[in-house]
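Subject: The structure I promised you

Hi,

Here is the structure we talked about, with my notes on what turned up in it. Have it open while you read, and click on the residues as they come up.

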Amino acid sequence: MNEQIAVILAPLEKAQITPDKPNALRRVLFEPIICWVIDACRNAGIEKICIATNCREDLIRTISDSSIEIATEENHLGTGCIPKSISGFLSRYEDADVAVLNGDTPFLDPKTIQDALSQHRSDKNAVTAITAYVSDCGHSPLNIDSKIMQSLQPNAESGTAHGPTELPTGNYWFTARDLLSLLSPDSNPCQEMRLSDAAAALLQNGKKAGAYTSANPDIIMRANSSRQLYKINETARMNKLFCLMEEGVEIPCTDGILIEKNVQVGMGTLLLPGTVLRGATVVGEHCTIGPDTLIADSTIGDNTSLNAVQCYRSTVGRDVTAGPFCHIRPNTVIHDGVHIGDFVELKNADIGAQTHIAHLSYVGDSDVGERVNFGCGVAVANYDGVHKYRCTIGNDAFIGCNTNLVAPVNIGSNGYTAAGSTITEDVPDEALAIARAKQVNKPGYNQLLRGKKQG
(Lines give C-alpha, C1' and ligand atoms only; values in the text may rest on other atoms or scores of the structure.)
Protein backbone atom coordinates (compact mmCIF):
# COMPACT_ATOMS: atom_id res chain seq x y z
CA MET A 1 0.00 0.00 0.00
CA ASN A 2 1.28 3.48 -0.86
CA GLU A 3 2.51 5.74 1.89
CA GLN A 4 0.39 8.78 2.80
CA ILE A 5 1.79 12.25 3.41
CA ALA A 6 0.30 15.74 3.78
CA VAL A 7 1.08 19.28 2.65
CA ILE A 8 -0.70 21.95 4.66
CA LEU A 9 -0.99 25.39 3.05
CA ALA A 10 -0.57 28.41 5.33
CA PRO A 11 -0.40 31.43 3.02
CA LEU A 12 0.07 35.01 4.14
CA GLU A 13 -1.99 37.24 1.87
CA LYS A 14 -2.99 40.88 1.75
CA ALA A 15 -6.62 40.04 2.51
CA GLN A 16 -5.94 38.66 5.98
CA ILE A 17 -7.68 39.31 9.28
CA THR A 18 -4.33 40.76 10.31
CA PRO A 19 -1.73 41.48 7.61
CA ASP A 20 1.24 40.01 9.51
CA LYS A 21 -0.15 36.57 10.34
CA PRO A 22 -1.68 33.83 8.14
CA ASN A 23 -5.28 32.98 8.84
CA ALA A 24 -4.04 29.45 9.60
CA LEU A 25 -2.43 30.87 12.75
CA ARG A 26 -5.65 32.50 13.99
CA ARG A 27 -7.03 30.71 17.04
CA VAL A 28 -10.15 28.63 17.49
CA LEU A 29 -10.85 27.74 21.13
CA PHE A 30 -7.39 29.12 21.99
CA GLU A 31 -5.55 26.83 19.55
CA PRO A 32 -4.14 27.87 16.15
CA ILE A 33 -6.35 26.58 13.35
CA ILE A 34 -3.42 24.85 11.67
CA CYS A 35 -2.97 22.73 14.81
CA TRP A 36 -6.51 21.43 14.31
CA VAL A 37 -5.52 20.40 10.77
CA ILE A 38 -2.27 18.80 11.98
CA ASP A 39 -4.19 16.82 14.63
CA ALA A 40 -6.70 15.68 12.02
CA CYS A 41 -3.85 14.43 9.81
CA ARG A 42 -2.18 12.53 12.62
CA ASN A 43 -5.46 11.03 13.81
CA ALA A 44 -5.98 9.90 10.22
CA GLY A 45 -2.63 8.10 10.30
CA ILE A 46 -0.53 10.72 8.46
CA GLU A 47 2.77 11.36 10.20
CA LYS A 48 4.91 12.93 7.45
CA ILE A 49 3.68 16.53 7.17
CA CYS A 50 5.03 19.61 5.40
CA ILE A 51 3.70 23.14 5.99
CA ALA A 52 4.00 25.43 2.95
CA THR A 53 4.04 29.13 3.81
CA ASN A 54 5.40 32.50 2.77
CA CYS A 55 5.43 33.96 6.29
CA ARG A 56 8.34 33.95 8.72
CA GLU A 57 9.38 30.38 9.51
CA ASP A 58 9.67 31.14 13.23
CA LEU A 59 5.95 31.94 13.36
CA ILE A 60 5.17 28.43 12.12
CA ARG A 61 7.84 26.76 14.21
CA THR A 62 6.34 28.10 17.44
CA ILE A 63 3.21 26.00 16.87
CA SER A 64 4.72 22.91 15.24
CA ASP A 65 7.18 20.28 16.40
CA SER A 66 10.49 19.42 14.80
CA SER A 67 9.05 16.42 12.95
CA ILE A 68 7.05 18.75 10.67
CA GLU A 69 8.90 20.16 7.66
CA ILE A 70 8.45 23.79 6.66
CA ALA A 71 8.69 24.86 3.01
CA THR A 72 8.95 28.62 2.64
CA GLU A 73 8.10 30.56 -0.50
CA GLU A 74 9.21 34.17 -0.79
CA ASN A 75 6.83 34.96 -3.62
CA HIS A 76 3.12 35.37 -3.03
CA LEU A 77 1.41 32.13 -2.09
CA GLY A 78 -2.30 32.59 -2.61
CA THR A 79 -5.21 30.65 -1.20
CA GLY A 80 -5.67 27.43 -3.13
CA CYS A 81 -2.19 27.58 -4.67
CA ILE A 82 0.50 24.92 -4.56
CA PRO A 83 4.03 26.39 -4.25
CA LYS A 84 7.04 24.83 -5.95
CA SER A 85 8.85 24.92 -2.60
CA ILE A 86 7.18 21.61 -1.68
CA SER A 87 8.90 19.79 -4.56
CA GLY A 88 11.79 18.71 -2.33
CA PHE A 89 9.39 17.18 0.17
CA LEU A 90 7.36 15.42 -2.53
CA SER A 91 10.43 14.06 -4.32
CA ARG A 92 11.29 11.93 -1.27
CA TYR A 93 7.87 10.26 -1.39
CA GLU A 94 7.11 9.92 -5.12
CA ASP A 95 5.11 6.73 -4.62
CA ALA A 96 2.97 8.24 -1.85
CA ASP A 97 -0.49 9.71 -1.88
CA VAL A 98 -0.36 13.33 -0.72
CA ALA A 99 -3.16 15.27 0.95
CA VAL A 100 -2.98 18.96 0.04
CA LEU A 101 -4.96 20.72 2.75
CA ASN A 102 -5.78 24.28 3.66
CA GLY A 103 -4.36 25.22 7.06
CA ASP A 104 -7.38 27.35 7.95
CA THR A 105 -10.09 24.65 7.82
CA PRO A 106 -10.42 23.65 11.50
CA PHE A 107 -13.31 21.23 11.06
CA LEU A 108 -11.57 18.92 8.60
CA ASP A 109 -11.97 15.60 10.40
CA PRO A 110 -9.89 12.39 10.34
CA LYS A 111 -12.76 10.29 8.98
CA THR A 112 -13.16 12.56 5.97
CA ILE A 113 -9.42 12.40 5.29
CA GLN A 114 -9.33 8.59 5.57
CA ASP A 115 -12.50 7.96 3.59
CA ALA A 116 -11.43 10.35 0.83
CA LEU A 117 -8.10 8.52 0.60
CA SER A 118 -9.88 5.17 0.39
CA GLN A 119 -12.00 6.42 -2.51
CA HIS A 120 -8.95 8.05 -4.13
CA ARG A 121 -7.16 4.71 -4.09
CA SER A 122 -10.09 2.50 -5.01
CA ASP A 123 -10.97 4.72 -8.00
CA LYS A 124 -7.27 4.93 -8.92
CA ASN A 125 -7.50 8.70 -9.22
CA ALA A 126 -4.63 11.06 -9.82
CA VAL A 127 -6.55 13.71 -7.91
CA THR A 128 -9.60 13.56 -5.64
CA ALA A 129 -11.26 16.73 -4.41
CA ILE A 130 -13.01 16.72 -1.04
CA THR A 131 -16.43 18.35 -1.27
CA ALA A 132 -19.36 18.96 1.06
CA TYR A 133 -23.02 19.90 0.76
CA VAL A 134 -23.81 23.35 2.14
CA SER A 135 -27.31 24.71 2.64
CA ASP A 136 -26.38 28.39 2.77
CA CYS A 137 -23.64 28.71 0.17
CA GLY A 138 -24.30 32.44 -0.17
CA HIS A 139 -22.83 32.96 3.27
CA SER A 140 -20.09 30.34 3.07
CA PRO A 141 -16.67 31.67 4.11
CA LEU A 142 -15.03 29.58 1.38
CA ASN A 143 -13.84 31.22 -1.81
CA ILE A 144 -15.66 29.00 -4.28
CA ASP A 145 -13.94 27.95 -7.48
CA SER A 146 -16.67 26.59 -9.72
CA LYS A 147 -14.12 25.27 -12.22
CA ILE A 148 -13.20 22.53 -9.79
CA MET A 149 -16.69 21.08 -9.63
CA GLN A 150 -17.24 21.48 -13.36
CA SER A 151 -14.03 19.66 -14.18
CA LEU A 152 -14.34 16.87 -11.63
CA GLN A 153 -18.09 16.31 -11.75
CA PRO A 154 -19.38 17.77 -15.04
CA ASN A 155 -22.74 16.04 -14.70
CA ALA A 156 -23.25 16.69 -10.98
CA GLU A 157 -26.25 18.63 -9.81
CA SER A 158 -25.32 22.01 -8.38
CA GLY A 159 -28.29 22.19 -6.06
CA THR A 160 -31.39 24.36 -6.09
CA ALA A 161 -32.24 27.68 -4.61
CA HIS A 162 -33.88 25.88 -1.71
CA GLY A 163 -31.57 22.88 -1.44
CA PRO A 164 -27.99 22.19 -0.50
CA THR A 165 -25.16 22.86 -2.93
CA GLU A 166 -22.10 20.66 -3.32
CA LEU A 167 -18.97 22.78 -2.99
CA PRO A 168 -15.23 22.09 -2.96
CA THR A 169 -13.60 22.45 0.43
CA GLY A 170 -10.18 23.35 -0.92
CA ASN A 171 -8.72 20.01 0.26
CA TYR A 172 -7.42 17.30 -2.08
CA TRP A 173 -5.72 13.96 -2.41
CA PHE A 174 -3.10 13.72 -5.17
CA THR A 175 -0.69 11.08 -6.32
CA ALA A 176 2.65 12.60 -5.37
CA ARG A 177 4.31 11.64 -8.67
CA ASP A 178 1.56 13.32 -10.69
CA LEU A 179 1.65 16.45 -8.56
CA LEU A 180 5.43 16.63 -8.92
CA SER A 181 5.11 16.47 -12.69
CA LEU A 182 2.89 19.55 -12.62
CA LEU A 183 5.41 21.48 -10.52
CA SER A 184 8.40 20.73 -12.77
CA PRO A 185 9.98 23.76 -14.54
CA ASP A 186 9.15 22.31 -17.95
CA SER A 187 5.42 22.07 -17.31
CA ASN A 188 5.06 25.04 -14.97
CA PRO A 189 7.59 27.91 -15.16
CA CYS A 190 5.68 29.87 -12.49
CA GLN A 191 6.43 29.56 -8.78
CA GLU A 192 3.00 28.22 -7.90
CA MET A 193 -0.08 26.53 -9.35
CA ARG A 194 -3.72 26.80 -8.42
CA LEU A 195 -5.29 23.60 -7.17
CA SER A 196 -8.13 23.90 -9.67
CA ASP A 197 -5.61 24.29 -12.51
CA ALA A 198 -3.73 21.23 -11.25
CA ALA A 199 -6.90 19.15 -11.36
CA ALA A 200 -7.74 20.42 -14.84
CA ALA A 201 -4.19 19.76 -16.07
CA LEU A 202 -4.28 16.15 -14.87
CA LEU A 203 -7.59 15.61 -16.66
CA GLN A 204 -6.14 17.04 -19.87
CA ASN A 205 -3.21 14.64 -19.51
CA GLY A 206 -5.60 11.71 -19.46
CA LYS A 207 -5.42 11.15 -15.73
CA LYS A 208 -8.43 10.18 -13.70
CA ALA A 209 -10.00 12.67 -11.29
CA GLY A 210 -12.92 12.51 -8.91
CA ALA A 211 -14.57 13.96 -5.86
CA TYR A 212 -15.32 12.62 -2.40
CA THR A 213 -18.35 14.13 -0.65
CA SER A 214 -17.92 14.48 3.11
CA ALA A 215 -20.86 14.05 5.44
CA ASN A 216 -19.48 16.91 7.56
CA PRO A 217 -20.73 20.28 6.20
CA ASP A 218 -18.60 22.24 8.68
CA ILE A 219 -15.38 21.43 6.82
CA ILE A 220 -16.35 24.13 4.31
CA MET A 221 -15.84 26.83 6.97
CA ARG A 222 -12.74 29.00 6.76
CA ALA A 223 -11.78 32.21 8.56
CA ASN A 224 -11.45 35.02 6.02
CA SER A 225 -12.66 37.75 8.38
CA SER A 226 -13.02 38.41 12.10
CA ARG A 227 -16.76 37.82 11.82
CA GLN A 228 -16.23 34.43 10.20
CA LEU A 229 -13.61 33.60 12.82
CA TYR A 230 -16.22 34.35 15.49
CA LYS A 231 -18.70 32.02 13.79
CA ILE A 232 -16.09 29.26 13.62
CA ASN A 233 -15.28 29.71 17.30
CA GLU A 234 -18.95 29.58 18.21
CA THR A 235 -19.44 26.42 16.12
CA ALA A 236 -16.40 24.78 17.74
CA ARG A 237 -17.52 25.87 21.21
CA MET A 238 -21.00 24.43 20.86
CA ASN A 239 -19.72 21.24 19.21
CA LYS A 240 -17.54 20.61 22.27
CA LEU A 241 -20.35 21.41 24.71
CA PHE A 242 -22.84 19.18 22.90
CA CYS A 243 -20.29 16.36 22.89
CA LEU A 244 -19.82 16.73 26.67
CA MET A 245 -23.59 16.77 27.20
CA GLU A 246 -23.85 13.48 25.34
CA GLU A 247 -21.20 12.07 27.70
CA GLY A 248 -23.26 12.97 30.77
CA VAL A 249 -21.87 16.39 31.68
CA GLU A 250 -24.49 18.83 32.98
CA ILE A 251 -24.48 22.28 31.33
CA PRO A 252 -27.73 24.06 32.22
CA CYS A 253 -26.64 27.31 30.58
CA THR A 254 -23.87 27.65 27.97
CA ASP A 255 -23.21 31.35 28.54
CA GLY A 256 -19.51 32.14 28.66
CA ILE A 257 -18.39 28.49 28.77
CA LEU A 258 -15.25 27.88 26.69
CA ILE A 259 -13.65 24.44 26.64
CA GLU A 260 -10.66 23.47 24.52
CA LYS A 261 -11.10 20.44 22.30
CA ASN A 262 -8.77 18.08 24.24
CA VAL A 263 -10.18 18.84 27.71
CA GLN A 264 -11.81 15.86 29.45
CA VAL A 265 -14.77 16.22 31.83
CA GLY A 266 -16.27 13.36 33.81
CA MET A 267 -19.87 12.20 33.91
CA GLY A 268 -22.19 14.04 36.26
CA THR A 269 -20.01 17.14 36.53
CA LEU A 270 -21.87 20.45 36.51
CA LEU A 271 -20.38 23.29 34.43
CA LEU A 272 -21.72 26.73 35.32
CA PRO A 273 -21.58 29.98 33.27
CA GLY A 274 -18.22 31.63 32.87
CA THR A 275 -16.25 28.37 33.06
CA VAL A 276 -13.10 28.24 30.91
CA LEU A 277 -11.22 24.93 30.66
CA ARG A 278 -7.95 24.99 28.75
CA GLY A 279 -5.04 22.81 27.64
CA ALA A 280 -4.47 19.35 29.08
CA THR A 281 -7.14 19.72 31.76
CA VAL A 282 -8.94 16.67 33.15
CA VAL A 283 -11.97 17.17 35.41
CA GLY A 284 -13.34 14.21 37.36
CA GLU A 285 -16.90 13.05 37.90
CA HIS A 286 -19.64 14.80 39.87
CA CYS A 287 -17.72 18.05 40.26
CA THR A 288 -19.15 21.56 40.24
CA ILE A 289 -17.02 23.93 38.20
CA GLY A 290 -17.93 27.62 38.20
CA PRO A 291 -19.36 30.04 37.92
CA ASP A 292 -16.49 32.17 36.60
CA THR A 293 -13.74 29.58 36.92
CA LEU A 294 -10.64 29.16 34.75
CA ILE A 295 -8.66 25.90 34.82
CA ALA A 296 -5.58 25.40 32.62
CA ASP A 297 -3.44 22.26 32.27
CA SER A 298 -4.65 20.87 35.59
CA THR A 299 -6.22 17.72 36.99
CA ILE A 300 -9.33 17.97 39.18
CA GLY A 301 -10.51 15.00 41.26
CA ASP A 302 -14.05 13.68 41.69
CA ASN A 303 -16.68 15.51 43.77
CA THR A 304 -14.67 18.72 43.86
CA SER A 305 -16.24 22.18 43.79
CA LEU A 306 -14.40 25.18 42.37
CA ASN A 307 -16.24 28.50 42.53
CA ALA A 308 -14.65 31.60 40.96
CA VAL A 309 -11.24 29.91 40.97
CA GLN A 310 -8.25 30.33 38.67
CA CYS A 311 -6.07 27.22 38.57
CA TYR A 312 -2.93 26.73 36.50
CA ARG A 313 -0.75 23.61 36.01
CA SER A 314 -1.77 22.06 39.31
CA THR A 315 -3.41 18.96 40.76
CA VAL A 316 -6.54 19.14 42.90
CA GLY A 317 -7.75 16.02 44.69
CA ARG A 318 -11.17 14.57 45.47
CA ASP A 319 -13.83 16.24 47.64
CA VAL A 320 -12.03 19.59 47.59
CA THR A 321 -13.88 22.89 47.91
CA ALA A 322 -12.24 26.10 46.76
CA GLY A 323 -13.35 29.69 46.34
CA PRO A 324 -14.71 32.10 45.71
CA PHE A 325 -11.84 34.23 44.42
CA CYS A 326 -9.08 31.67 44.89
CA HIS A 327 -5.84 31.63 42.85
CA ILE A 328 -4.05 28.29 42.48
CA ARG A 329 -0.72 28.98 40.82
CA PRO A 330 1.50 26.42 39.01
CA ASN A 331 2.99 23.32 40.66
CA THR A 332 0.47 23.20 43.50
CA VAL A 333 -0.87 19.87 44.77
CA ILE A 334 -4.07 19.93 46.84
CA HIS A 335 -4.90 16.59 48.42
CA ASP A 336 -8.32 15.11 49.17
CA GLY A 337 -10.83 16.87 51.38
CA VAL A 338 -9.05 20.24 51.50
CA HIS A 339 -11.04 23.45 51.92
CA ILE A 340 -9.65 26.60 50.31
CA GLY A 341 -11.68 29.71 51.10
CA ASP A 342 -12.09 33.16 49.62
CA PHE A 343 -9.12 35.32 48.62
CA VAL A 344 -6.54 32.57 49.10
CA GLU A 345 -3.49 32.24 46.86
CA LEU A 346 -1.43 29.06 46.63
CA LYS A 347 1.82 28.70 44.71
CA ASN A 348 4.19 25.74 44.31
CA ALA A 349 2.70 24.25 47.48
CA ASP A 350 1.71 20.78 48.64
CA ILE A 351 -1.42 20.95 50.79
CA GLY A 352 -2.17 17.82 52.85
CA ALA A 353 -5.55 16.11 53.12
CA GLN A 354 -8.32 17.71 55.20
CA THR A 355 -6.39 20.95 55.64
CA HIS A 356 -8.39 24.18 55.86
CA ILE A 357 -7.12 27.52 54.54
CA ALA A 358 -10.28 29.49 55.05
CA HIS A 359 -9.64 33.02 53.83
CA LEU A 360 -7.26 35.88 53.03
CA SER A 361 -4.03 33.87 53.05
CA TYR A 362 -0.96 33.33 50.88
CA VAL A 363 0.80 29.97 51.02
CA GLY A 364 3.73 29.71 48.62
CA ASP A 365 6.65 27.29 48.37
CA SER A 366 5.35 25.25 51.30
CA ASP A 367 4.80 21.63 52.30
CA VAL A 368 1.71 21.49 54.47
CA GLY A 369 0.66 18.38 56.39
CA GLU A 370 -2.79 16.92 56.96
CA ARG A 371 -5.60 18.49 59.00
CA VAL A 372 -3.78 21.80 59.35
CA ASN A 373 -5.90 24.87 60.13
CA PHE A 374 -4.92 28.29 58.82
CA GLY A 375 -6.49 31.32 60.43
CA CYS A 376 -7.39 34.47 58.52
CA GLY A 377 -4.58 36.52 57.03
CA VAL A 378 -1.71 34.00 57.18
CA ALA A 379 1.20 34.77 54.85
CA VAL A 380 4.28 32.75 53.99
CA ALA A 381 7.19 35.14 53.41
CA ASN A 382 9.04 32.92 50.95
CA TYR A 383 11.19 35.48 49.13
CA ASP A 384 14.01 37.63 50.53
CA GLY A 385 14.55 39.59 47.31
CA VAL A 386 17.22 37.20 46.04
CA HIS A 387 16.20 33.60 46.79
CA LYS A 388 12.98 31.72 47.50
CA TYR A 389 12.71 29.34 50.46
CA ARG A 390 10.22 26.68 51.56
CA CYS A 391 8.25 26.25 54.75
CA THR A 392 7.20 22.92 56.25
CA ILE A 393 4.11 22.59 58.42
CA GLY A 394 3.42 19.29 60.20
CA ASN A 395 0.17 17.40 60.63
CA ASP A 396 -2.58 18.89 62.83
CA ALA A 397 -0.81 22.23 63.23
CA PHE A 398 -2.78 25.39 63.95
CA ILE A 399 -1.59 28.62 62.33
CA GLY A 400 -3.19 31.58 64.08
CA CYS A 401 -4.70 34.61 62.36
CA ASN A 402 -2.26 37.10 60.83
CA THR A 403 0.74 34.84 61.31
CA ASN A 404 3.76 35.53 59.12
CA LEU A 405 5.93 32.49 58.44
CA VAL A 406 9.36 33.75 57.37
CA ALA A 407 10.85 30.95 55.27
CA PRO A 408 12.71 28.73 55.71
CA VAL A 409 10.93 27.73 58.89
CA ASN A 410 9.37 24.47 60.14
CA ILE A 411 6.21 24.11 62.22
CA GLY A 412 6.09 20.74 63.98
CA SER A 413 3.13 18.37 64.22
CA ASN A 414 0.42 19.79 66.48
CA GLY A 415 2.42 23.02 66.58
CA TYR A 416 0.54 26.23 67.33
CA THR A 417 1.27 29.85 66.44
CA ALA A 418 -0.41 32.67 68.30
CA ALA A 419 -2.40 35.21 66.30
CA GLY A 420 -0.34 38.13 65.03
CA SER A 421 3.00 36.31 65.34
CA THR A 422 5.93 36.64 62.96
CA ILE A 423 7.64 33.26 63.09
CA THR A 424 11.35 33.26 62.22
CA GLU A 425 12.46 30.11 64.07
CA ASP A 426 11.32 26.49 64.00
CA VAL A 427 8.41 25.53 66.24
CA PRO A 428 8.75 22.06 67.85
CA ASP A 429 5.99 19.46 67.91
CA GLU A 430 3.16 20.31 70.34
CA ALA A 431 4.65 23.76 71.08
CA LEU A 432 2.97 27.17 71.07
CA ALA A 433 4.98 29.96 69.44
CA ILE A 434 4.26 33.58 70.39
CA ALA A 435 6.27 36.10 68.41
CA ARG A 436 4.75 39.54 68.84
CA ALA A 437 5.52 42.67 70.83
CA LYS A 438 4.18 42.96 74.37
CA GLN A 439 1.02 45.07 74.57
CA VAL A 440 1.44 48.39 76.39
CA ASN A 441 -1.61 50.55 77.33
CA LYS A 442 -1.22 54.34 77.80
CA PRO A 443 -4.01 55.54 80.12
CA GLY A 444 -5.64 58.82 79.11
CA TYR A 445 -3.64 59.10 75.90
CA ASN A 446 -6.66 59.80 73.72
CA GLN A 447 -7.83 62.61 76.00
CA LEU A 448 -4.36 64.18 75.77
CA LEU A 449 -4.40 63.80 71.99
CA ARG A 450 -7.78 65.56 71.70
CA GLY A 451 -6.44 68.40 73.77
CA LYS A 452 -3.50 68.85 71.41
CA LYS A 453 -5.83 68.91 68.41
CA GLN A 454 -8.09 71.55 70.01
CA GLY A 455 -5.06 73.67 71.01
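Let's start with a charge and a ring: the charged end of Lys388 sits over the ring of Tyr383, 5.6 Å from the ring's centre. You can find a similar arrangement at Phe30, where Arg278 lies over the face of the ring, 4.0 Å from its centre. Keep in mind while you look that this is a predicted model.

**The whole chain**

Zooming out, the protein chain has 455 residues, and 50% of them are buried. Its secondary structure comes to nine helices and 38 strands. If you take contacts between residues at least 6 apart in sequence, 43% of them join residues at least 24 apart. The accessible surface is about 21100 Å², and carbon and sulfur atoms account for 50% of that.

**Rings that pair up**

How many aromatic pairs does the structure hold? There are five, and two of them are worth a look.

One is made by Trp36 and Phe107, whose ring centres are 6.2 Å apart with 85 degrees between the planes, an edge-to-face pair. This pair ties together distant parts of the chain: Trp36 is in helix α1 (residues 33-43), while Phe107 is in the loop between β7 (97-102) and α4 (110-122), 71 residues apart. Both Trp36 and Phe107 are buried.

Phe398 and Tyr416 make another pair. Their ring centres are 4.6 Å apart and their planes meet at 15 degrees, so this pair counts as stacked. Here too, distant parts of the chain are linked, with Phe398 in strand β33 (residues 398-399) and Tyr416 in strand β36 (residues 416-417), 18 residues apart. Are these two buried or exposed? Neither: Phe398 is partly exposed, at 31% relative accessible area, and Tyr416 is partly exposed too, at 40%.

**Two buried threonines**

Next, go to Thr269, in the loop between β13 (264-265) and β14 (270-271). Thr269 counts as buried because its relative accessibility is 0%. What does its side chain have for polar company? A polar atom of that side chain lies 2.6 Å from the backbone oxygen of Gly284. Leaving out neighbours within four places in sequence, Thr269 is in contact with residues including Gly248, Val249, Glu250, Val283 and Gly284.

Thr128 is in strand β8 (residues 127-134), and at 0% relative accessibility Thr128 is buried as well. Its side chain makes a polar contact with the side chain of His120, at 2.8 Å. Not counting residues up to four places away in sequence, Thr128 touches several others, among them Asn171, Tyr172, Trp173 and Tyr212.

**Two buried isoleucines**

Ile68 is in the loop between α2 (57-61) and β5 (69-72). Ile68 is buried, with 2% relative accessibility. Its C-alpha atom is 7.2 Å from that of Ile51, which is 17 residues away along the chain. Which residues does Ile68 touch, setting aside those up to four places away in sequence? They are Ile38, Arg42, Ile49, Ile51 and Arg61.

Ile340 is in strand β26 (residues 339-347) and is buried, at 0% relative accessibility. The C-alpha atoms of Ile340 and His327 are separated by 9.8 Å, with their positions 13 residues apart along the chain. Beyond residues up to four places away in sequence, Ile340 touches Thr321, Ala322, Gly323, Cys326, Ile334, Leu346 and Ile357.

**A helix and some cysteines**

In helix α7 (residues 195-204), the buried residues include Leu195, Ser196, Ala198, Ala199, Ala201 and Leu202. To make sense of the spacing, remember that an α-helix has 3.6 residues a turn, so residues three or four places apart point the same way. Just after α7, Gly206 takes a positive phi of about 85 degrees.

Finally, the cysteines. How many disulfides are there? The count is zero, with a disulfide taken as two cysteine sulfur atoms within 2.5 Å. Cys35 is buried at 12% relative accessible area, and Cys50 is buried at 2% relative accessibility.

Have fun clicking around!

Cheers

Terms used: Residues numbered from 1 in each chain as written. Predicted model: local features only at pLDDT ≥ 70, side-chain atom pairs only at ≥ 80, totals over all residues. Heavy atoms only, no water. Helix = DSSP H or I, 4+ residues; strand = E, 2+ residues; numbered from the N terminus. Buried < 20%, exposed > 50% of the residue type's maximum accessible area, 1.4 Å probe, protein only. Polar contact = N/O pair within 3.5 Å; in protein donor to acceptor, adjacent residues only side chain to side chain. Contact = heavy atoms within 4.5 Å. Phe/Tyr/Trp six-rings, centres within 6.5 Å; stacked < 30°, edge-to-face > 60°. Lys NZ or Arg CZ within 6 Å of the ring centre and 35° of its normal. Areas by Shrake-Rupley, 256 points an atom, 1.4 Å probe, with all protein chains shown as cover.
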